[in-house]
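Here are some short exercises for you to try with the structure open beside you. Have a go at each task before reading its solution.

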Amino acid sequence: MESLRIYTEKPYRLRGQVVISGAKNAVLPALAASLLTSGEINLSNVPLVKDVRTMLTLLSDLGAEYELGKKSLRIKVEKILSYQAPYQLVRAMRASILVLGPLLARKGRAVVALPGGCAIGTRPVDLHINGLQKLGASIKIEHGYIVAEAKKLRGAEFEFEKKTVTGTENLVMAATLARGETILKNCALEPEVSSLCELLVKMGAKIDGIGEETIRIKGVDELGPADFRIIPDRIEAGTFMVAAALTQGDLILKEVEPDHLGALIDKLTISGARIEKLGRRSIRVIGSPEIKPQDVTTAPYPGFPTDMQAQFMVLMTQANGTSIITETIFDRRFAHANELIRLGANIEIQGDKAIVRGRTPLSGAEVMATDLRASACLVLAGLIATGQTTINDIEHLDRGYERIEEKLRKLGVKIERLKNNNNHRMGEKK
Ligand code: UD1
């Protein structure tokens, strides 16, 4: 188990520039899409995070060959050699479920472990299954695995009962090779879904309504090679934006897509930060010494992202007054609140609401990262908690943030990775 330790003599004031990486949640579906063709997919702006490596391990088992560059990746699945996604991989990374639709569409069979629960709550995949059944797949659950079969998927109309990101992605991918037209309603509007659709179009798919709630896909016989650039990671960008606001800093973020950050920009601006768009791909965030409390409710895009809830909570511990943060997407996504309390925050959890009473000075302590975004929240807290903050079980952070220590070090933060730290509490794995 590795830990990160942040040394904070006095709260940091972050100043400088950060280059934001490609989006983890966009590259994972793009990689899964490579299963739909024997052609080569050539991706640029690829973030080398642990989830990408996990996905590559899974895809190699399924028959992929790949070549990883510094920020690029060429991947080709000439022939599908296996159709099974084993439990250990799906458990380590839920996005493994994204191979279900493509395997079924190209190979006619897929056996993918059911992901089970995770650190942020119950996360069913029933809508993925219902949708694929609507496209003609026969699906059984056996020994903890989804066993799906379909000689040839056929187009159909399906309405998602609830907005689901990977659910929409799975169905769109499956429908590209189905016979006839598929109409998907109540699709997730997240930019990562649109980005996947754009890649699929480059591969030869016929998709209408990209970025809309109703997506129409006309199935084609086969898809081909494509070159594609991964969109910027809006959650990594958001995390650094909060870092600037939290530390009264002045940060320029490069390689971002400001249009994907609307809900966060609005909340940060009302809370007192100054945000300037510098050209098409840069944004400057200047923190204010006066942080105003804000009520925030997470919602599907374009609402406030659940993946930014934990980071925003740290900011609200430094606001002058009380904020109520409501989590509507996942049912147990407040584990970070207990760790923030260990650092001195005043937070009360009432069901799906966290009541954050500010402003409380934070002081460094040993804390435990329970999931990916909770880890990011604790790193942010470490920037203003005086003394040493040691964040244990840091592997969660490595799943989704590329070289975060290096990026923070460049901004003047004293941060160190500790290997084989035995001095940690045992915790649930995501
Ligand atoms: C994706 C993101 C994750 C983000 C989440 C919500 C990736 C790889 N992961 O996860 O970072 O936190 O979107 O923005 O892109 N649901 C069902 N049945 C289903 C599927 C989902 O009830 O079959 C529910 C979930 O329990 C949850 C909601 O729908 O309440 C949204 O989940 P979903 O969008 O599917 O999350 P993921 O795609 O797993």
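The exercises below deal with the ligand site, two sets of paired strands and a few backbone features.

This is a predicted model, in which local features need pLDDT of at least 70, side-chain atom pairs count only at pLDDT 80 or more, and totals for chains, interfaces and linings use all residues. Residues are numbered from 1 along each chain as its sequence is written, and side-chain values use heavy atoms, with hydrogens and water left out.

**Exercise 1. Describe the shell of residues around the ligand.**

Step 1: Collect the residues with a heavy atom within 4 Å of the ligand. There are 19 of them, and the closest are Asp126, Thr164, Thr166, Asp307 and Ile329.

Step 2: Sort the shell by class, which gives 7 nonpolar, 6 polar and 6 charged residues. Here Ala, Val, Leu, Ile, Met, Phe, Trp, Tyr, Cys and Pro count as nonpolar, Asp, Glu, Lys and Arg as charged, and the others, Gly among them, as polar.

**Exercise 2. Find polar atoms of Thr164, Val165 and Thr166 that lie beside ligand oxygen atoms.**

Step 1: Look for polar contacts, meaning pairs of N or O atoms within 3.5 Å.

Step 2: Start with the side chains. Thr164 places a polar side-chain atom 2.6 Å from a ligand oxygen, and Thr166 also has a polar side-chain atom 2.6 Å from an oxygen of the ligand.

Step 3: Turn to the backbone, where a polar atom of Val165 is 2.8 Å from a ligand oxygen.

Step 4: Check how well the ligand is covered. On its own it has 740 Å² of accessible area (Shrake-Rupley method, 1.4 Å probe), and the protein covers 88% of this.

**Exercise 3. Work out the strand order and the edges of the open sheet with 4 strands.**

Step 1: Take strands as DSSP E runs of at least two residues (helices are H or I runs of at least four), numbered from the N terminus. Two strands pair if DSSP finds at least two bridges between them.

Step 2: Read off the order, β18-β19-β21-β20, with mixed pairing.

Step 3: Identify the edges. β18 (296-297) and β20 (346-350) each have a single partner strand, so one side of each has no neighbour in the sheet.

Step 4: Follow β20 to its partner: 5 bridges join it to β21 (residues 353-357), and the two run antiparallel. One bridge pairs Ile349 with Ala354 in β21.

**Exercise 4. Examine the hairpin of β8 and β9.**

Step 1: Trace the pairing. β8 (residues 138-142) and β9 (residues 145-149) are antiparallel and joined by 5 bridges, with Ser138 partnered by Glu149 in β9.

Step 2: Inspect the turn, which has 2 residues between the strands; His143 takes a positive phi near 50° there.

**Exercise 5. Where do Gln248, Pro302 and Arg359 lie?**

Step 1: Recall the background. Most residues other than glycine have a negative phi, and most peptide bonds are trans.

Step 2: Gln248 has a positive phi of about 50° and lies in the loop between α8 (234-246) and β15 (250-254).

Step 3: The Tyr301 to Pro302 bond is cis, with omega near 10°; Pro302 is in the loop between β18 and α10 (309-317).

Step 4: Gly358 and Arg359 are joined by a cis peptide bond with omega about 0°, and Arg359 belongs to the loop between β21 and β22 (366-368).

Terms used
Polar contact = N/O pair within 3.5 Å; in protein donor to acceptor, adjacent residues only side chain to side chain.
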